[in-house]
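Trainee: I would be grateful for a close look at one part of this structure. Please explain the terms as you use them.

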Amino acid sequence: MFVLQALIDGLSLGALYALIAVGYTVVYGIIQLINFAHGEIFMIGAFGSVTVWLLVPGEVLSIWMLPLMLVGGMIASVAVALLMERIAYRPLRNAPRLAPLITAIGVSIFLQEFVRLFYGKIPGFPDAKANVGFPRIEGVTGQAIQIGGLQLDRPSIFTLSALIVCTGFLYLFINKTGIGRAMQATSQDPDTARLMGINVDKIIMIAFAVGAALAAVAGVAQGLKDTNIDFRMGFIAGLKAFSAAVLGGIGNIWGALVGGLVIGVFESLATAVMPSGSAWKDVWAFVVLILILVFRPQGLLGARVVDRA
């Protein structure tokens with residue numbers, strides 16, 4: 001029963017990582033850019049949702065407020081992601097790969113400091129250096145649900161449900177729409193896609209927007225689970241989500257989803273079973289990444305790339 005409880009907690013944690021990891025892998029699959037500022041997009045989504053709450057303050061909000069908070073978080077995340085792509089990354093698209101990588105780190109630090117300074121001046125955020133309380137939402141937060149000897153906390157149910165819904169949306173979007181097929185074509189060969197009349201710049205912006213929207217959902221889920229948010233919350237979560245993307249096979253959307261779940265389950269089980277496991281909880285993601293990549297360097301679902309002379 002103890003292990004089963006840890007497994008359930010791990011699936012919830014993995015769902016959170018998976019939602020963030022998709023943003024890494026979608027962007028990398030199209031333009032081979034590792035966007036290390038994507039963790040901050042996750043953080044922006046959480047703060048954007050809280051901004052909506054500031055407009056309707058209350059100790060406990062109706063469940064009907066949750067969709068508005070999700071939309072607010074998505075708008076904030078997508079807007080920042082599109083600005084990031086247009087201002088910071090597009091001018092460096094043909095530059096050596098080290099340039100956009102360093103730029104991504106700079107954007108990450110800039111976004112952290114911007115949120116710290118901006119929200120520190122808003123009533124309700126007297127000290128952005130401390131944790132900011134996340135609103136409680138009726139039906140989504142509160143007492144955990146008991147099933148036998150297992151506990152299912154409500155935010156975990158929301159996170160898993162969000163992953164299922166977002167995965168379904170992503171599948172339909174990628175495989176059943178013209179834009180999704182254009183994204184696949186651009187991922188395979190951007191130059192040929194451009195010759196076929198596909199607006200590659202538009203497709204890249206859509207990739208950033210899709211990843212940002214899913215990261216915003218993860219940001220709301222994190223706030224509901226931890227009951228607080230912080231301007232530094234994207235750093236470790238972003239690194240673990242990037243590990244999940246690499247573990248699943250960077251550039252493979254479904255690999256990112258699988259990688260996130262694997263890392264979440266492994267982290268939860270190791271934390272529960274290993275001596276002093278909670279003290280090492282931020283290490284387990286990288287341990288499982290190293291162990292798997294030693295035997296399968298391309299990741300769980302990644303295709304092996306053959307170098308030809």
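Mentor: Let us take Gln222 and its surroundings. The model is predicted, so local features need pLDDT of at least 70 and side-chain atom pairs count only at pLDDT 80 or more, while totals for chains, interfaces and linings use all residues. Residues are numbered from 1 along each chain as its sequence is written, and side-chain values use heavy atoms, with hydrogens and water left out.

Gln222 belongs to helix H8; helices (H or I, at least four residues) and strands (E, at least two) are DSSP runs, numbered from the N terminus. Gln222 is buried, its relative accessible area being 16%. Here buried means under 20% relative accessible area, exposed over 50%, and partly exposed in between, with a 1.4 Å probe and protein chains only.

The side chain of Gln222 forms a polar contact with the side chain of Asp226, at 2.2 Å. Such a contact is a pair of N or O atoms within 3.5 Å; within protein, one must be able to donate a hydrogen and the other to accept it, and residues adjacent in sequence count only if both atoms are side-chain atoms. Leaving aside residues up to four places away in sequence, Gln222 also touches Leu16, Phe42, Thr227, Asn228 and Met233, where contact means heavy atoms within 4.5 Å.

One of these partners, Thr227, sits in the loop between helix H8 (200-226) and strand E6 (228-229). Thr227 is not a glycine, yet its phi is positive, about 65°. With a relative accessible area of 47%, Thr227 is partly exposed.
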